[in-house]
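Please look through the structure below with the text beside it. The paragraphs take one region after another.

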Amino acid sequence: MRALLTMLAAVNPTAVAVVLWPRERGVFGAVAAAIALGIVAGAAAASEALLDALDVSEATFRVATGVVVGLAGAHRLVFGARPVDVDTPTGSWRRVAVPGLIPALITPQLVMAAISTGADDGTFTATWTAAVALALAWIAMVLTKQRRLGWLVGTRFLGALGIAVAFALVVDGVKSV
Amino acid sequence: MKAGTRVLGAAVLFAGSFVALRVSFLAPETCPAPGAPALEDAAVAAGTWVQRGERDGRYVYEYDRGDDRMTEGYNIVRHAGVTMSLYQLVRAGHGEVLETADAGLAEMLDHVVEAGDGLAYVDNDTRASLGSSALLAAALAQRRAATGDGSFDAELRAVGRFLRGQMTPSGQMLSRYDLVEGAPVPDETSKYYTGEAAWALALLHNLFPTEGWDRPARQVLDYLATQRDEVEDLDYRPWADQWAAYTLAELAPHGLAEHRVAYARALAERFGMLVRTESQKGSWPVAFIDARARGGGIGVWLEGLGSLSTVAKRDPRLVDLREPLVDRLECGAGILAERQEDEADAAEWPDPELVEGAWFRENVTRMDDQQHALSGLLLAAGRLGPVGS
């Protein structure tokens, strides 16, 4: 359950909807989400090797993930999200990269969550929980939306969730032997 | 905004985040692994430092190598602790320190007085402290386990009776006994002495299993496990009490109730976090929490981890902690051994004999730095276990 909540907080699908306001083409969004999922799966699969290379334990990485997810959550809670301003033309496949992957989906908190969940719960758990969060993000980005207020409320709510998840990660990391 | 600028911004965000984490929460955990023989050698060197400084049964209390000056003053609780650790070294097969430990013991036995139903180890105070007597009992127990010599059993039991008399119905231990009034001083407690007394009582139980020492030992342990931190308002709960961990290790062969296992787990988490953080400090550009821990501090953590490792090996409910506890124990021991002053380091100071084998922080070492480090290193080297094992 914590893995799923961590991924939801790290992806923040409602924030993705606002960043890509008013909507993104379904196919572009799907490709971006699929690439993001691939990155998550790869990071999770490489988590053990990454932690070894960094000379840190799973518990230490969990604390660091909590800090990053918590800061991102606090940013969303306080500042919400804004539609991204980029010069990539509508209808161009380049929109998959910008703004689809950057800055909407691939964030420090998602990468940290992928590695931490991969190390703690395995690649499969990291992948399916990220798949759920990214699927919600895809739905949110392709929906035709009218008023932004509800999405901003959702963004802040998921930001608050991020802080709660961060607290759990830090406490669990600190309490690990 | 141009897409390229976005990508560049993201790259800067990722790189900046990584650098910020790498010098703080994600700093590398540096764990030297010198191996068990080197850890044992380090413990012996610590014991030798104590041995070199012993005069008429008293040890070097505190030494400032910068000023080449020994600090005035003495502390009998620490004296008892150092003597106990020397007997642990004897138990690990290093009989060369037995004479020094016996000299330290003779000094203690010269200063025992009747108190309550037994004997207490005192200095010139009119109030006997629980801690000095508890560690005297622990020293006597370690000596008996090391040598098989029962010639001090009467004193050991008498000190045990004094300890038992300091216990309140809740299992709390009163830290002082008024020798003039002939009664325990009410409401005075110590965050160190209660655990020391619990361990001494558990050692007594394992040496004399038919004499009923287990009841007070368990009662005090339960107080430590369930009430102490709250009643005595200790910060950072559970308080990192290696004496409680020693007690758990002594009592584990007899079976531990669920709340004691929970306490063992909580202590393991606390000691594990302390060692993990210490292993990262070398990579911090600025000390966030504290400067490097003193030798005695890390030694205490190793005593806790080593004792809890024994508990985890015995109790299947802690099976998940076996490997992490060994990892942390080895990590902390490696750090400690690396920070010990060797012969070459010592040669650079005015009195190398008071430097070699010791741990210094801000150029000062105190006898309990060597005491706790010695005990912790022996545990990490696998050369020490409960008396009851």
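In this predicted model, a useful place to begin is R156(A), which is partly exposed, its relative accessible area being 31%. The residue sits in helix α9 of chain A, a helix that covers residues 149–174. When neighbours within four places in sequence are set aside, R156(A) is in contact with R76(A), L77(A), V78(A), F79(A) and G80(A). From R156(A) to P22(A) there are 134 residues in sequence, while in space the two C-alpha atoms are 18 Å apart.

Helix α9 of chain A also carries D172(A), and this residue is paired with R62(A) of helix α5 (residues 58–79), so the pair ties together parts of the chain that are 110 residues apart in sequence. The pairing is a salt bridge in which the closest N and O atoms are 3.3 Å apart. Its two partners are covered to unlike degrees: D172(A) counts as partly exposed at 30% relative accessibility, whereas R62(A) is buried, with a relative accessible area of 7%. Both residues belong to a network of salt bridges that links R2(A), R62(A), D120(A) and D172(A).

Another part of chain A shows a nonpolar surface patch of about 650 Å², made by F124(A), W128(A), V132(A), L136(A), W138(A), I139(A) and L143(A). One of these residues, W138(A), lies in helix α8 (residues 123–142) and is partly exposed, with a relative accessible area of 32%.

Chain B has salt bridges of its own, and over all chains the structure holds 28. In one of them E107(B) meets R58(B), with the closest N and O atoms 3.7 Å apart. Because E107(B) lies in helix α4 (residues 98–109) and R58(B) in the loop between α2 (36–53) and β1 (62–64), this pair ties together parts of chain B that are 49 residues apart in sequence. Here E107(B) is buried, at a relative accessible area of 13%, while R58(B) is partly exposed, at 36%. In another salt bridge, at 3.2 Å from N to O, the side chains of D214(B) and R218(B) meet; these residues are four apart in helix α8 (residues 214–226) of chain B, so about one helical turn separates them.

What, finally, is found where chain B and chain A meet? About 2200 Å² is buried between them, and carbon and sulfur atoms give 66% of that area. Across this interface the rule finds zero salt bridges, but nine residue pairs in polar contact. On the side of chain B that touches chain A, the elements giving two or more residues are α1 (3–22), α11 (258–281) and α13 (322–339), and the largest share, ten residues, comes from α1(B).

How values were computed:
Residues are numbered from 1 along each chain as its sequence is written. Chains are lettered from A and ligands numbered from 1 in the order in which they are written. This is a predicted model: local features need pLDDT of at least 70, side-chain atom pairs count only at pLDDT 80 or more; totals for chains, interfaces and linings use all residues. Side-chain values use heavy atoms; hydrogens and water are left out. Buried means under 20% relative accessible area, exposed over 50%, partly exposed in between (1.4 Å probe, protein chains only). Contact means heavy atoms within 4.5 Å. Patches are made of residues with over 30% relative accessible area and no salt bridge: like charges are joined within 9 Å, nonpolar side chains (Val, Leu, Ile, Met, Phe, Trp, Tyr) within 5 Å. Accessible areas come from the Shrake-Rupley method with a 1.4 Å probe; for residues, only the protein chains shown count as cover. A salt bridge is a side-chain nitrogen of Lys or Arg within 4 Å of a carboxyl oxygen of Asp or Glu. Buried area is the accessible area (1.4 Å probe) that two parts lose on being put together, summed over both. A polar contact is a pair of N or O atoms within 3.5 Å; within protein, one must be able to donate a hydrogen and the other to accept it, and residues adjacent in sequence count only if both atoms are side-chain atoms.
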